[in-house]
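Below are my notes on one helix and its packing partners, and on one loop. Please read them with the model open.

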Amino acid sequence: MKTAAPPDRPARAFPAARHRPAPRRPSPLRRRLTDQARAYGFLIGGLLCFALFSWYPAIRSVVIAFQKYTPGAEPEWVGTANFTRVFEDPEFGAAWRNTLTFTLLALAIGFAVPFLMALVLNELRHAKAFFRVVVYLPVMIPPVVSALLWKWFYDPGAGLANEVLRFVHLPTSNWSNGSDTALLSLVIVATWANMGGTVLIYLAALQSIPGELYEAAELDGANLWQRIRHVTIPQTRFIILMLMLLQIIATMQVFTEPFVITGGGPESSTVTVLYLIYKYAFLYNDFGGACALSVLLLIALSAFSALYLRLTRADD
């Protein structure tokens, strides 16, 4: 006896999918609070680092300027005695005079040379990238290495500078070893080491000037100097002024070049304010006098910084 075959059942191609609820999105308020908490977390971390390594040392220096401070001993409040002792130091006047002279020479040399070099680079038609790298290369050299290199250049015996002068049959110089030429020698070093960044900023400003202005000046018969005077300088005057103020602030804090190359000599002709602060703190072990000098330098630099902030705010 034969049994009937069971009826065919349709095969399931895929198992039945379970219904999963869609993920719940956070509300806009919660998402906004999360983003703000993350942003404030990064901000607080940066502010703490800035307060620890910048604000606290500055405030602490102002306090020590009015104290007799010796490491390991209890500070003693002495009022303005540190300032009086610093004012009576014979090197105080020389340090400020050298710093101001260095700043003026740096403006005359280190301000004009980068602008002229930017004008030359802006007119080049070939190998622009190569010359930009060449100009910026000194900035990538560590300052101490750069100062040691120039110290060898300035050697009055077998230095490269005097060898070049002998080759072209010109009189040699004492360079950094002469009291009348040492400060100018340091200005040349600082200009060479820091010129690259300034040149690139000037070059960017020059390339943002509309070409129609130069075309109109040429149609009016203006020569190269007239185009620079009536088009280039007016169009870049704000950048020029800003870089001038920043250069003043930077050059008044010069330290590496006199410390490495001349040691403040000869005859204190290259002692700057920052180098004198170093001598008070680490050679004389007089931290009160060093902080008093730092406060005076801070007041001088704050005036230029306030002028810089006022001008940038006015431009905005």
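Where does Pro266 lie? Pro266 is in the loop between helix H12 (256–262) and H13. The model is predicted, and the points below should be read with that in mind.

1. The cis bond. Gly265 and Pro266 are joined by a cis peptide bond, with omega of about -5°. Most peptide bonds are trans. Please look at this bond when you go through the loop between H12 and H13, where Pro266 is placed.

2. Positive phi values. Glu267 is not a glycine, yet has a positive phi of about 55°. Ser268 also has a positive phi, near 60°, and is likewise a residue other than glycine. Most residues other than glycine have a negative phi. Both sit in the loop that holds the cis bond's proline: Glu267 is found between H12 and H13, and Ser268 is placed there too.

3. Exposure along the loop. Glu267 has a relative accessible area of 73%, so it is classed as exposed, the cut-off being over 50%. Ser268, at 25% relative accessibility, counts as partly exposed. Ser269, in the loop between H12 and H13, has 13% relative accessibility and counts as buried because that value is under 20%.

4. Ser269 and its surroundings. The side chain of Ser269 reaches back to the backbone oxygen of Pro266, at 2.7 Å. Leaving aside residues up to four places away in sequence, Ser269 touches Asn98, Ser179, Ala182, Leu183 and Gly264. A figure of this loop could show the Ser269 contact to Pro266 together with the cis bond between Gly265 and Pro266.

5. H3 against H13. Helix H13 covers residues 273–283, and its axis comes within 8 Å of the H3 axis, with a crossing angle of roughly 145°. From H3, the residues in contact are Glu91, Phe92, Ala95, Trp96 and Thr99; from H13 they are Val273, Leu276 and Lys279. Sorted by class, this contact has 5 nonpolar, 1 polar and 2 charged residues.

6. Thr99. This residue lies in helix H3 and takes part in the contact with H13. Thr99 has a relative accessible area of 0%, so it is buried. The Thr99 side chain reaches the backbone nitrogen of Val273 at 3.0 Å. Apart from residues up to four places away in sequence, Thr99 touches Met252, Thr272 and Val273. Val273 therefore appears both as a contact of Thr99 and as the residue whose backbone nitrogen the Thr99 side chain reaches, while Thr99 itself is buried.

7. H3 against H11. The axes of helix H3 (residues 90–110) and helix H11 (residues 237–251) come within 9 Å and cross at roughly 140°. H3 is therefore oblique to H11. The crossing of H3 past H11 is right-handed. On the H3 side, Phe102, Thr103, Ala106, Leu107 and Gly110 make the contact; on the H11 side, Met244, Gln247, Ile248 and Thr251 do. By class there are 5 nonpolar and 4 polar residues in this contact, and no charged ones.

8. What to check. How many charged residues does the contact of H3 with H13 have? There are 2, whereas the contact of H3 with H11 has none. I would ask the authors to list both sets of residues in the text.

Definitions and conventions
Residues are numbered from 1 along each chain as its sequence is written. This is a predicted model: local features need pLDDT of at least 70, side-chain atom pairs count only at pLDDT 80 or more; totals for chains, interfaces and linings use all residues. Side-chain values use heavy atoms; hydrogens and water are left out. Axes are lines fitted to C-alpha atoms, for helices over the stretch in contact, and angles run from 0 to 180 degrees between N-to-C directions. Helices (H or I, at least four residues) and strands (E, at least two) are DSSP runs, numbered from the N terminus. Angles under 35 degrees count as roughly parallel, over 145 as roughly antiparallel, 65 to 115 as roughly perpendicular and the rest as oblique. A crossing is left-handed if the near helix is turned anticlockwise from the far one by less than a right angle, and right-handed if clockwise. Contact means heavy atoms within 4.5 Å. Ala, Val, Leu, Ile, Met, Phe, Trp, Tyr, Cys and Pro count as nonpolar, Asp, Glu, Lys and Arg as charged, and the others, Gly among them, as polar. Buried means under 20% relative accessible area, exposed over 50%, partly exposed in between (1.4 Å probe, protein chains only). A polar contact is a pair of N or O atoms within 3.5 Å; within protein, one must be able to donate a hydrogen and the other to accept it, and residues adjacent in sequence count only if both atoms are side-chain atoms.
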